[in-house]
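Subject: Structure handover

Hi,

Here is the structure I promised to pass on. Please open it first, then read my notes alongside it.

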Amino acid sequence: MRKTVAGCLTAIGMAALAALPALQAQGGITIGSFPSRLTAGPDYATDVFGDPWDMSNPEDIGQEPSETSGWGTTFTVNGLAGGTMDPAAGFSEVSFLYSGFYDTLNPGRTGRTSPIDTTKYRKLSFRMSSTLAGQTPNLQWFHCVWSDPACDSIRNHGSRGAETTVNGFKIWVDDMTAANVGHPWVGEAGAVNANVVRGFRIIPTSTATTQTIFFDWVRLTLPDNAPGAAMQQITWTGTSPATIDVVDAGGTVLTIASNVSSPRNWNYGVLPPGAYTLRICGGSHANCTGFSPATKAFTINTPPTIRVTDPSMTTGEDFATTVLGNPWDMSAEGDVQYTGGDNYTPTNPADFTGGTLNGTNTGLGAYISLLFNTNNQTPIDPSKYRYFTLRLKLDCAYDLAQGSVGRLYWASQQFIDTATATTSSAWIVWPGWNSYSVDLTPLTFGGSGGLEDLAASPGRELWTATNKQHLRFTPHEFTTVCPFHVDDVKLTANPASSGTFTIKFTGADADGDSVTVDLYRDTDQDPASKTLIASGIAASAGQYVWNTTAVPAGTYYIYAEASDGSGSGFNTVGSYSDAPVVVAAAPSVTTQPANLSVAAGQNAQFTVAASGSPTYRWQVSNDAGTTYTDLTDVSPYSGALSSTLSIAATTPSLNRLRFRVRLTNAVGTVTSNPATLTVRDVVANFDGDARADLAVFRPSTGTWYIANSSTSFGSSAVYQWGLSTDIPVPGDYDNDGRTDLAVYRPSNNRWVIKYSFPNYTLTGTFTFGIAGDVPAAADYDGDGKFDLAVFRPSTGVWYVALSSSNYTSTTTGALGLGTDIPVPADYDGDGHADIAVYRPSTGMWYVRQSSTGSTSLTIQWGLNGDVPVPGDYDGDGVTDIAVYRPSTGVWYVRQSSTNFTTFTSRQWGVSADIPVPNDYDGDGKVDTAVYRPSNGVWYVLQSSSSTFASYQWGLSDDVPMPNTQVANAFAGAATRPKVSPLANHVRESDFDGDGQTDLTVYRPSNATWYTRKSGAGYTTSGATTFGVSSDVPVSGDYDGDGLTDIAVYTGSGGIWSIRRSSGGTVVYQWGLTGDVPVPGDFDGDGRADLAVWRPASGVWYIRKSSTNFTTSAAFQWGLSSDKPVPGDYDGDGVMDLAVYRPSTGVWYLLKSSTNFSASASYQWGLSADIPVPGDFDGDGRTDLAVWRPSSGIWYVRQSSSNFTTNVIVQWGLNGDVPVPGDYDRDGRTDLAVFRPSTAVWYFVHSSTDLTTSMALQWGLSGDIPILQRK
């Protein structure tokens, strides 16, 4: 029901009037039978737009601002439209139907697209208020659109005057066929568009004076007694003749007839839905007010609303979403292309704030390119994609003459220019946010066809002519600055069905009546020929699943009819979808693509067969089929839009990719089964024939000797590349399918590469790593190129410089212990190398799979002394876990093809042999092979034939290179560093093994260890009782499992008691009363040794963990007054002997790298300083550092500058205890103190360059922090 502002003011009085108990009035008038509810009558706006001109939304006023002019203030509020007129602006007018222009596309509610049928709609009514009585409104209409050459300059204009205004609201009813000026409303002989009106407006006054005008509603209905007109008979008895009127809910009176007799037929279609009172009084009056009328309350039903939302011009398959894989929703930079002549800023990257493209033009024609040479490898198929839609808003005043228009441009070639461009007619860009939709298929050149017929564009063509490779539009054509905003651009096809189609609709009823919907299909948008699909559907359902399997193939519009009841007083309305749905048989796959296995460098082809004459679109998945992306004809792919996809010169980066094809015709899309491509990676393939070559690196000369498999090892190549101390790291760093020569130089952490393309003439040098790192190059990012990678034993962290970023982007991951062997390979078959380690002490394999990002593969496979030899022995494209046992020459392979549940074994080799597994016969499986240094012979057991071959190639000291892992496991073993100084310090208090220092105190009063663990952000803790009150805590990693062991030293007997994290407690006697315990890794095996320093003699006594504490060594280094400060000052991974002499502040170092034969000394500190050595600069070497209790200042002399630069930081108070450690796990020692008075730990983070800190309370006064330095 409608309620207006005026209606609210008189609602109480009207309710009382409507509630009169009798139909008989004074004078004896009795109203006869009259329905209490009438069916709503026809109305142009309701019938055509589904939205009456009831002033409830801005669309009820015509779109052209210049045709709603002359107002000082104009607004729409509470169902009223109008305002105060501005005399200076001349006559005010309100346009209800804007005609549009002859040569524009005119999307939206215009007379060009939806003209008024004047043979049908001839009666006008409207309700309007005025503050000045006696004015004569003028009704104006236009039979033509602007600029129609067949019409006159004022668009075949006609007009007529209406009744005069009153002071307040009044209802006007006008016969538009009555006397008029200019072109008549309908039927002018010989006139253009004689029976349609394309523009309609009302000038509400006859003088340009200041007055306030409001329109409540406007209706165009059928003439009296016309077929379909809303006619109702009124009867009464008693006084005759009589006057009949109707009063609306706002108290406005409409006189129906005066001085008439019963019965009387009334065309109530002039009134909108709402509540009314019929009044009849005796005599001839202007109305019945004051004449004691007979009354009858009634309502005119509000028709239900119905709109089909699918199929529609926007719900069909979207080109950008389906073909490009990225909708033009203006949410990110990739939604638009940049041509260099776009004439707007910002561009590349554009501003996409709020999910819209926000730009400002810099000149005429700000072009938004959607399809350009950067993304048009797949052109637009115009036989399928036809509807262009977008949302657009301008931030400048509407000015049609200056540029409030946009246009669309296209071309069938990659680049567009004047000669090849097709230009659409302009569409008018209205103020505010608006949606614009254009059906491109019917557009033609010239006139009002929608396309500019420009002689300067000889290459112009209809949309449907050929595939389109360029598409762009202009948001406006202002030459002055005008910011614009673009959102939700689409290019869609007709919706389609091959089995079922979900028809979607929105239906409602303002009266609250229950609405049911009937659905029909129709080919010509004429309801007379519609065919029922389903009936009686509740409007609230919003959709209906239509089974189209039995429907004849064809193109059908959907017609929805909504009813809010049956019989008199209810309405049935209908609405067509604005686009049809295509019904036909979907394509079908008759032959699925098959899995393929090829060697790297070979070509591959996938083929599919299908019915239904589909188009093809091949797709690829690199995540095991979770997601797929479309392919284009860009190397190495061709035939992406055909039944056969070709892949040229496959590389290992394509291994385990899945391929499928989408088959599409006009009505649907099906997808084939996926097929997997296995690319067999062959490292040491220097000649590019997809088979392993025999290759050795001769350290004595830095020379590579290669016997080519492509000539059955009959030809060779020799390259000098490297130094004697280099570690060979061959691999395909340039993705050309051939192995490059590469070495890692530990002395300066440089990677030196000689690329195979072109013909080993180009080189590259990169610095990546620190002293002590182990090179572990592999293809971690799956781009077909080896990445630079190192494993840092000191922390168990992997560092990878990605080739996909030209080695500028680095990733890290923690996995492993100092004694582990890195064995990166593709264990999950996703085409990416996984970080993995083999632990010799336990035979455990730990694999962090790139496909899941977690250490989801943990397998025990091997014995201490075995050599890890991972490889694809079963040819499934996934690396198998395997070890070679030198003591027996037996290979043990755990197969990935059975998810590592089965294994094979074979004897091949003798104890002195070096395993060199690789694919020497090119069958896609790794062959079992060994290199015998004693004679330089390669022995290969070929998987393709189970026969063996032998080749002499190399000398006894050469390093064979079947793969990086084996080379490092053998040739690099001697140079492989073990544990950094920081790792030693961390492992004094790393009970959870996360490489980060835990807060740990030892409480002598109860001999209990209390630990607050870093692994859970210092939120979890534990307590263990071990020792006695007089013991000295000497925690460390004595069993080499990466976890700190609880340990105490009993000074009275030199007893070491160790509670191992791996299980069990051991006790050793090592030391005398008065000795100072100094545990650390003095033999470089990744485990803490038992060690004491004897002040009386300055002798260090070390019991080595590498021999299970069965052998020892002794060195004299220091004086009785010195303080022992062991650390790795030379960066060789082994602890050096070192003392600090308080009397002089001098540090004396005896270096392990020279087998404790060379020394160095540095003056750094004062007598009262506390030495606090640690790796503060993260270079893998111990720095000289002291903490000065009197000032709380840390003085650090950095090893990274060879102890020539200093860092000075204040951190702590007098009375604090320094407890340096790695509290933020960044590989650098942090400054930290423990305050005994409060048991609070204060540490400042090196990872933020000492800009952030943390304080945590842990312990009691009297506790001993196990990291304390004295």
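Let me start with a disulfide. The link of Cys144 and Cys151 is left-handed, with -70° about the S-S bond. One caution before the rest: this is a predicted model.

**Disulfides**

How many disulfides does a search of the whole structure find? It finds three. With the bonded cysteines of the protein chain numbered in sequence order, they pair 1-2, 3-4, 5-6.

Back to that pair. The sulfur atoms of Cys144 and Cys151 are 1.8 Å apart. Cys144 counts as buried, because its relative accessibility is 0%. Cys151 has 14% relative accessibility, so Cys151 counts as buried too. The cut-off for buried is under 20%.

Next, Cys281 is joined to Cys288, with an S to S distance of 2.2 Å. The torsion about that S-S bond is about -85°, so this disulfide is left-handed. Cys281 and Cys288 are both buried.

The remaining disulfide is formed by Cys396 and Cys482. Their sulfur atoms lie 1.9 Å apart. This link is left-handed, at -70° about the S-S bond. What does the pair tie together? Cys396 sits in the loop between S26 and S27, and Cys482 sits in the loop between S33 and S34, so the disulfide ties together parts that are 86 residues apart in sequence. Are these two cysteines buried or exposed? Cys396 is partly exposed, because its relative accessible area is 25%. Cys482 is at 0% relative accessibility, so Cys482 counts as buried.

**Nonpolar cores**

Some background first. In soluble globular proteins, nonpolar side chains tend to be buried together.

The largest nonpolar core here has 46 residues. Which of its members touch the most others? They are Phe388, Trp427, Leu471, Phe473 and Leu491. Several elements each supply at least two residues of this core. Among them are helix H3 (319-324), strand S25 (368-371), strand S26 (385-394) and strand S27 (405-411). Strand S33 (470-474) and strand S34 (483-493) are also included.

Why does this core lie between two domains? Domain 1 (37-301) and domain 2 (317-493) both give residues to the core, so the core lies between them.

Another core lies apart from it, and this one has 34 residues. Its members include Tyr44, Trp53, Ala226 and Ala229.

**A five-stranded sheet**

Five strands form an open sheet, with antiparallel pairing. Their order is S5-S13-S8-S9-S11. Which strands are at the edges? Strand S5 (94-97) and strand S11 (181-182) are, each pairing on one side only.

S5 runs antiparallel to strand S13 (residues 199-203), and three bridges join the two. For a landmark, find Leu97: Phe200 in S13 stands opposite this residue.

**Ser803**

Where is Ser803? Ser803 is in the loop between strand S63 (797-801) and strand S64 (810-814). Its relative accessibility is 8%, so Ser803 counts as buried. The side chains of Ser803 and Asp787 make a polar contact of 2.7 Å. Not counting residues up to four places away in sequence, Ser803 touches Asp781, Asp783, Lys785, Phe786 and Asp787.

**Strands S90, S91 and S92**

Why is strand S91 (residues 1146-1150) largely enclosed by the rest of the structure? Four of its five residues are buried, so the strand is largely enclosed.

S91 pairs with strand S90 (residues 1137-1141) in the antiparallel sense, over five bridges. Arg1141 has Val1146 in S91 as its bridge partner. The hairpin of S90 and S91 has four residues between the strands. In that hairpin, Gly1145 takes a positive phi near 70°.

S91 also runs antiparallel to strand S92 (residues 1159-1163), again with five bridges. Here the bridge partner of Tyr1148 is Ser1161 in S92.

**Places to look up in the viewer**

- The disulfide of Cys396 and Cys482.
- The 46-residue core, with Trp427 among the members that touch the most others.
- The polar contact between Ser803 and Asp787.
- Gly1145 in the hairpin of S90 and S91.

Best wishes

How values were computed. Residues numbered from 1 in each chain as written. Predicted model: local features only at pLDDT ≥ 70, side-chain atom pairs only at ≥ 80, totals over all residues. Heavy atoms only, no water. Core = buried A, V, L, I, M, F, W, Y, C linked by side-chain atoms within 4.5 Å. Buried < 20%, exposed > 50% of the residue type's maximum accessible area, 1.4 Å probe, protein only. Domains from an automatic or database assignment. Disulfide = S-S within 2.5 Å. Pairing = 2+ DSSP bridges. Polar contact = N/O pair within 3.5 Å; in protein donor to acceptor, adjacent residues only side chain to side chain. Contact = heavy atoms within 4.5 Å.
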